[in-house]
Structure formats: structure tokens, C-alpha cells
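Biologist: Hey, I've just been handed this one and I don't know my way around it yet. Can you walk me through it?

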Amino acid sequence: MKKTTAIIIAILLPVLTWGQAQINTKKVKIADFTQKITKVVLSGNEFFDMALQNEITLGWRISPFEFCTMEEFEEYKTSEEYYFLLSVTGKFKKDNIPTIRYLTLVKGGNGAEEGIDKMMEVVTMPVASAPHPSGREIVFLPALVDIIQNYTLLAMENDKIAYGGPGAIARKIEKEDDFLVVFTEDDICESCYEMEKVEFYDDEMLVTEEEKADSYMMDRMEATLVGYVIAPSDPMPGAVYYKMLIHARTYQLYYFAQDRVSRKEGAGFMPSDIKKIHSAITKEQR
């Protein structure tokens, strides 16, 4: 009987061990992030690199970091001792050229020699249009860098977030929140103005010129969510773009959506977006 039991255990043990080895989820793979050096790769674009260096120096708080060149990235990318934060451009099936610039955080290791898209991705955050950014990305860069860090820390603890992308950490507007939501005139589709029960230029939702909207971010205004649309420089119908609401003071992400450029409306916050946002910020009045 003891011999039979031993045989059964001998058979089952490798199976159980094998099963456990397969539970190597993303949060497990990036669990060492805070102990590793993050190499911030400079793109060669002097204007963007200067802004990125400044924001990383002032605001990177979750791991040791070093700046490096693209040449150094190529040298070190196969090492598991490093994570890399770098600027990349991306295009989708319907695009002829790269249309969006991103900041992507990836882990070094085997397979990196096949390309960045083969590396272990922690998070990829849209930053600006490409190849002709508007300049607003410099205003929002401190917040985007902070969102990347918040996301990474949460992804290390939760696989749902780890696999969910930036939208997975977008916070809900709570009943006690008393927010002013600020949009630029270019970020709102024309049909939004025709929506019933939605009023702009009041104490809850404001549409203003770009300079005024950006000043809320730069001044770190309390209780203010500022809209940011990242779309191709020349948006063609079907092209991918992004829209978000970011808290000007805390840099918390409150709204994140990926959409496709509408032939009728173009790119921007659509009536469906405004309806959700308006409903959230006015729910205490219902």
C-alpha cells in the first residue's frame, strides 16, 4: 500500500510542479521592477529629450534611473538587469506612416534583439501626434510620466491592471467630487454643443482656448480635470486616437478612451463621451 502511494505521488508531483511553473503572469514577471535600474532612452529629438530629462529628474520616484542613448539601449536591451523607458512611434493597419508617439516601458531580456515589440511591455502611454506634435505634450508630460509610474506600481500587484493598459487605472468620479472639467475648442466635436441637458461655459464644464486650458495644468489647479486628445497630425477616417481627462493637481487619470477618427466628426470628445462625463459630475444633483 505504501509502495502504491509512493508511485502515485511520484506521478503527480511532476504534473503539479509543471502546473505551478505555468503561473508566470505579467505581475510576476515585472515584480522586480523597483529593484532594477530604469534606463531612460533619449530619442535624439533635442526639444522632447530636454523636457523628458527634466520631468524624469524631478518626478521619477519608483526606481533608480539613468539616461542613455539609443546606441546604449541597443547594447543593453538583452540584459534582464534593466528596464527601459523610451519614446516610440506607432501606426495601425490603415496608416501609411506612424501617427502617434508613445512612451513605452519595457523589460530587457532575451528576445529584445528581435525588436522592441518582442520585449516584455509594462505599459505604453500615448503622448503626442506624430510626426507633427502640437506642443501640448510638453504641458502634459509631467502628468503622463506620473501616470506611467502609478500604473506600474499597481500592475505589480494586480494582473487585471497589468493586462488592462492605462485605462485600467482611470478613477471614477465620486459623489463627493466637485470638479470643473476643461476642454479646448478643438477637442470637442461640433455635435456635442447640440446635446440636450449639457451646458458648457458653466461651473461644471468649460470649453476654452488651448492656452487657457493648458494654464489649468501648468498652475496645478485644484478640483480640475483637463481634457487631452492625442490624434494623428492629419487624421484620416478610421485612424486611431486617444482622449483622456487628467486631474490638474494630482495627475490622476480620470478618463481614458481609444477611438477611431469619424468621417463625420473627426477626432475629439464625442457626444457619448460628454454624456458619460456630464452624468458623472452632475450625479449628486439628480
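Modeller: Sure, we'll go through confidence, then the sheets, then a few single residues.

Biologist: What kind of model is this, and what is the mean pLDDT of the chain?

Modeller: This is a predicted model. The protein chain has a mean pLDDT of 88, and 88% of its residues reach 70 or more. Residues 1-21 have a pLDDT below 50, and beyond near neighbours in sequence that stretch has 1 contact in the model. Where pLDDT is low, the predicted coordinates should not be read in detail.

Biologist: Okay, on to the sheets. What is the strand order in the one with strand 1?

Modeller: The order is 2-1-3-4-5, in an open sheet of 5 strands with mixed pairing. Strand 2 (65-68) and strand 5 stand at the edges with a single partner strand each, so each has one side without a neighbour in the sheet. On average, neighbouring strands of this sheet are turned by 25 degrees against each other, direction ignored.

Biologist: How do strand 4 and strand 5 run, parallel or antiparallel?

Modeller: Antiparallel, with 8 bridges joining strand 4 (residues 100-107) to strand 5. For a spot to look at, find Tyr102, which stands opposite Pro126 in strand 5.

Biologist: Which strands does helix 3 lie across?

Modeller: Helix 3 lies across strand 1 (37-41), strand 2, strand 3 (82-90), strand 4 and strand 5, and runs at about 170 degrees to strand 2. Helix 5 lies across strand 3, strand 4 and strand 5, at about 165 degrees to strand 5.

Biologist: While we're on helix 3, what about Asp49?

Modeller: Asp49 is found in helix 3, which covers residues 46-59. Asp49 is buried yet has no salt bridge.

Biologist: How far away is the nearest side chain of opposite charge?

Modeller: That's Arg101, 7.8 Å away. A salt bridge would need a side-chain nitrogen within 4 Å of a carboxyl oxygen. Leaving out residues up to four places away in sequence, Asp49 touches Leu42, Ser43 and Gly44.

Biologist: Now the sheet with strand 6. What is its order?

Modeller: It goes 7-6-8-9-10, an open sheet of 5 strands with mixed pairing. Strand 7 (205-208) and strand 10 are at the edges with a single partner strand each, so one side of each has no neighbour in the sheet. Here neighbouring strands are turned by 20 degrees against each other on average, direction ignored.

Biologist: How many residues of strand 6 are buried?

Modeller: 5 of its 5 residues are buried, so to speak a mostly covered strand. Leu180, Val182 and Thr184 point one way, Val181 and Phe183 point the other way, and all are buried. In a regular strand the side chains alternate between the two faces of the sheet.

Biologist: And which strands does strand 6 bridge to?

Modeller: Strand 6 (residues 180-184) runs parallel to strand 8, with 3 bridges joining them. Leu180 has Thr224 as its bridge partner in strand 8, and Val181 has Leu225. Strand 6 also runs parallel to strand 7, joined by 4 bridges; one of the pairs there is Thr184 with Thr208.

Biologist: Does a helix belong in that picture, and if so, which strands does helix 7 lie across?

Modeller: Helix 7 lies across strand 6, strand 7, strand 8 and strand 9, at about 140 degrees to strand 6.

Biologist: Where is Cys192, and is it buried or exposed?

Modeller: Cys192 is in the loop between strand 6 and strand 7. Cys192 is buried, with a relative accessible area of 0%. Not counting residues up to four places away in sequence, Cys192 touches Phe200, Phe269, Met270, Pro271 and Ile274. The C-alpha atoms of Cys192 and Asp273 are separated by 9.2 Å, with their places 81 residues apart along the chain.

Biologist: Switching to the backbone: which residues does a cis peptide bond join?

Modeller: Ala130 and Pro131, with omega about 5 degrees. Pro131 is in the loop between strand 5 (120-129) and helix 5 (136-155).

Biologist: What is phi for Arg220 and for Tyr251?

Modeller: Arg220 has a positive phi of about 50 degrees although it is not a glycine. Tyr251, also not a glycine, has a positive phi near 70 degrees.

Biologist: Where do they sit, and how covered is each?

Modeller: Arg220 is in the loop between helix 7 (210-218) and strand 8 (224-230), and is partly exposed at 30% relative accessible area. Tyr251 is in the loop between strand 9 (240-247) and strand 10 (253-260), and is buried at 12%.

Methods:
Residues are numbered from 1 along each chain as its sequence is written. This is a predicted model: local features need pLDDT of at least 70, side-chain atom pairs count only at pLDDT 80 or more; totals for chains, interfaces and linings use all residues. Side-chain values use heavy atoms; hydrogens and water are left out. Helices (H or I, at least four residues) and strands (E, at least two) are DSSP runs, numbered from the N terminus. Buried means under 20% relative accessible area, exposed over 50%, partly exposed in between (1.4 Å probe, protein chains only). Lys and Arg count as positive and Asp and Glu as negative; His and the chain ends are not counted. Contact means heavy atoms within 4.5 Å. pLDDT is the predictor's confidence in each residue, from 0 to 100. Two strands pair if DSSP finds at least two bridges between them. Axes are lines fitted to C-alpha atoms, for helices over the stretch in contact, and angles run from 0 to 180 degrees between N-to-C directions.
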